[in-house]
Amino acid sequence: MKSKAVISQPETIKKFYKDTTKNGLRLSFIANREYNLAKDKYTATMHDDFVATSIAVRDRIVERWTHTQQRFHKENQKRVYYFSMEFLIGRLLGTNIINLGLEKEAKEALKELGFDIKEIEENGIDAGLGNGGLGRLAACFLDSMATLGIPAHGYGIRFEYGIFNQKIINGYQVEFPDEWLMRGNPWEFQRLEYTVKVRFYGHTYMSQDEHGRLQVQWVDTDDVLATPYDMPVPGYKNDIVNTLRLWSARSSEEFDLSYFNDGDYERAVLNKMTTENISKVLYPNDNISQGRELRLKQEYFFTAASLSDIIRRFKAENTDIRKLPDKAAIQLNDTHPSIAIAELMRILVDEEKVDWDTAWEVTVNTFGYTNHTIMPEALESWPVSLFEKLLPRHLQIIYEINLRFLKEVAKEFPGDNDRLRRMSIVEEGDVKKLRMAHLAVIGCHSINGVSELHSKLLKTALFKDFYEIFPEKFNNKTNGITQRRWLKKANEALSGLITDAIGDGWVTDLYKLEKLLPLKDDKEFRNRWRDVKTANKKDLAGYIYKTTGIEVDPSSMFDVQVKRIHEYKRQLLFGFYILSQYLKIKKDPGADVEPRTFILGGKAAPGYAMAKLTIKFINSIADVVNKDKAIDGRIKVVFLENYCVSLAEKIFPASDLSEQISTAGTEASGTGCMKFMVNGALTIGTLDGANIEIADAVGKDNIFIFGLRSDEIQKLRSQGYDPNFYIDRCQQLREIVNIIRSDFLSPVEFGLFEPIIRNLTTNDHFFVCADFAEYLDTQEAVSEAYRNNTDWIKRSIINVAKSGKFSSDRTIADYAKNIWNVPYMKR
């Protein structure tokens, strides 16, 4: 009897955890609340109920997760490792339920228990482990890799504090800590057994072995422990579960007893506190030396820990480290993780005793580099003095990489010293620096941009010299978004309407949305489409009133710009248009102005003064417009604070017009434009980033394009751009400049917006003045189009139908086939 119990008990347990019926989920919820949380229906909080639900869903992921990893291990498959400083994963409960195919069962189980599933989801943590598009892209890519069945791991940092929480106080951005782990994370599993040691500081010691070969030891280091926390990443209805592994820093010495015994209690724990700062906060202020050092520590910390983990996994099934590229493809998500190239060389040469040339071949064939921007601040350069102090061995390795590379360049271009200076990893100057983007280009077998224009600019401008030497390395991989979050989850009503009309094949093949095209001429279908949009707008209007106290009209056009606040994204241009409409009504109350609700949101980096002033500028416009009774509510301005993934899921489905108005040649791709598009918004934008490819997909009649092209921007800049020429030619722009100068928007803070005017009239680096007049004319065309509701709905349907290219599934399939050389499911 005893042996029978031993055999049957695991099967009974498995059956309980595998039960995906409504009743199974209900019983699991009750058991979790009572036995895991020690709560009952009288003492449980809404957060407790969220955790109980999350564990019930998580339990149905775990066995799939285990089986997936066992199969990858048994078959010794090549794996993809995605290195990213950011993973803006947002709330996970809803997407995990969708990917398990349990929407109906979960909803009904919670309803029987007296809960609304949406209210439960609202209590989830919105993990802000990213600053914008870069981190959100990484999260979309993880979803697509799992859905396509690609053996993959994401690697990053488990920041204790994510991107700050934003409050708008008196129109200003005020930052508060994002304590996303304060109440725990039900989706993560600590893996203490895979803790690794990461070294900093110290010095190197060189010697020769018995064969006369150089040996280098990195000694007297300060060591930090990297502890991994794993989160499952389920694919959509395919039983594949990949892993996101985030590293947390711990001191190798938790407590110095000698200091404690001497009464110096603070110093006794000082090392622990200093060490754990590494994973404390996302993007410390690098305007100060301590912040720069911490930032570099973070980048090396997670790449070194991840490479150690990858090699451990490789050695479990393989013996020849020279075969690493056959079993591992490492993708660097932007320049932040590029120190991994020097770290892998250190491991191969110093620890595995591989000769330099072979080690370099292994390294180059293992790494791929995705560049996400041509903006200078994102192309990291580190002072040599900082590297020498923090990572002395890596500095030696980078010097050797650079020396060998420049010798090859000199052979191909003899006597071209300017070229050598431009291409060197080491940037000479008052402060000698290491150009990490150059290291990434030299040390990877693939360099890709993220839109057709961006990839072209990499080849013709940013990395032109490198392209002339390595043309075969460069390629384009236009970004994408996961439709499972950004349409199926975020816009339940529209996704339901689409599925009723054409089936649900679009969930795994977004190109199937093209089946919607004939339905644009179906009056009944258009009416249902309109009803969905109206309902979504009413929902957002309710949220706006609840959070801001501002009443907006759902029948007005919802004109939206939500994204990171930056000068190149030109929130100022949008603000100027809003002011032009305000002044138009003030001058002529009977003026023909299409009613609009202008909705903005986004965070400015804490040290970025102009971006923060832009937020105040927009809120000052809102304060004037919304309180002016003469406007009679025809236009309203709303700045939604603390823009994040879950807020974005409320905004995109309700949007009519998507503002993608960056200066041409500055936005690498942009994925917000794709999220708007797949939710039926039309785009007004420049020919920048993915806007170009959206325009190609939908046709010129279904998008509103304006502004200088990237080549025209470059030409105008080289000729000597004078913004005052454009101000003088445009009456509306002159009026806006004058009203800002008059302190009309800042009656108690004289001169508050003078930096904006000074910047625009003396420099205008992002060509706001040059593009304003055409932007104004194009907005008039938008208003005219919106008045024809039937035509607008048709255009909306076309935009959704043509969004197939912009699925991250398509992007990842392209990476898998052309960069990583791994198979994937064709679904």
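Cys644 has a relative accessibility of 24%, so this cysteine counts as partly exposed. I should say at once that the structure before us is a predicted model. Does Cys644 have a bonding partner, and which cysteine sulfur is the nearest? The nearest one belongs to Cys140, at 15 Å, and Cys644 is in no disulfide. For those new to the term, a disulfide is a covalent bond between the sulfur atoms of two cysteines.

Let us turn to a second cysteine, Cys730. With a relative accessibility of 7%, Cys730 counts as buried, because the limit for that class is under 20%. Its closest cysteine sulfur is in Cys769, at 9.2 Å. Why is there no bond between Cys730 and Cys769? A disulfide requires the two sulfur atoms to be within 2.5 Å, and the distance of 9.2 Å is therefore too far. How many disulfides does a search of the whole structure find? The number is zero.

I now move to the salt bridges, of which the count comes to 65. One of them joins Asp239 to Arg64, with the closest N and O atoms 2.8 Å apart. Asp239 sits in the loop between strand S11 (222-234) and strand S12 (241-251), while Arg64 sits in helix H3 (residues 46-75), so this pair ties together parts that are 175 residues apart in sequence. Asp239 counts as partly exposed at 49% relative accessibility, and Arg64 also counts as partly exposed, at 24%.

Helix H3 also holds a salt bridge within itself. Arg71 and Glu75 both lie in this helix, four residues apart, which is about one turn. The closest N and O atoms of this pair are 3.6 Å apart. Arg71 is partly exposed, with 32% relative accessibility, and Glu75 is partly exposed, with 46%.

A further salt bridge pairs Glu122 with Arg91, and here the closest N and O atoms are 3.3 Å apart. Glu122 belongs to helix H6 (residues 117-122), and Arg91 to the loop between strand S2 (87-90) and helix H4 (93-100), so the pair ties together parts that are 31 residues apart in sequence. Are the two partners buried or exposed? Glu122 counts as partly exposed at 42% relative accessibility, whereas Arg91 is buried, with a relative accessible area of 18%.

Salt bridges can also be linked to one another. Arg191, Asp230, Arg245, Asp309, Arg312 and Arg313 form such a network.

Next, I ask you to look at the surface. Where do negative charges gather in a patch? The residues are Asp711, Glu712, Glu774 and Asp777. Helix H29 (710-719) and helix H33 (768-787) are the elements that each give two or more residues to this negative patch. Asp777 has its place in helix H33 and counts as exposed, with a relative accessibility of 55%.

Finally, let us consider the loop between helix H32 (754-762) and H33, where Asp764 is placed. Asp764 is not a glycine, yet it has a positive phi of about 50°. This residue is buried, with a relative accessible area of 2%. Phe767 is found in the loop between H32 and H33 as well. Phe767 likewise is not a glycine and has a positive phi, of about 60°. At 0% relative accessibility, Phe767 counts as buried.

Definitions and conventions. Residues numbered from 1 in each chain as written. Predicted model: local features only at pLDDT ≥ 70, side-chain atom pairs only at ≥ 80, totals over all residues. Heavy atoms only, no water. Patch = residues over 30% accessible without salt bridge, like charges linked within 9 Å, V, L, I, M, F, W, Y side chains within 5 Å. Areas by Shrake-Rupley, 256 points an atom, 1.4 Å probe, with all protein chains shown as cover. Salt bridge = Lys/Arg side-chain N within 4 Å of Asp/Glu carboxyl O. Lys, Arg positive; Asp, Glu negative; His and termini not counted. Charge placed at Lys NZ, Arg CZ, Asp CG, Glu CD. Buried < 20%, exposed > 50% of the residue type's maximum accessible area, 1.4 Å probe, protein only.
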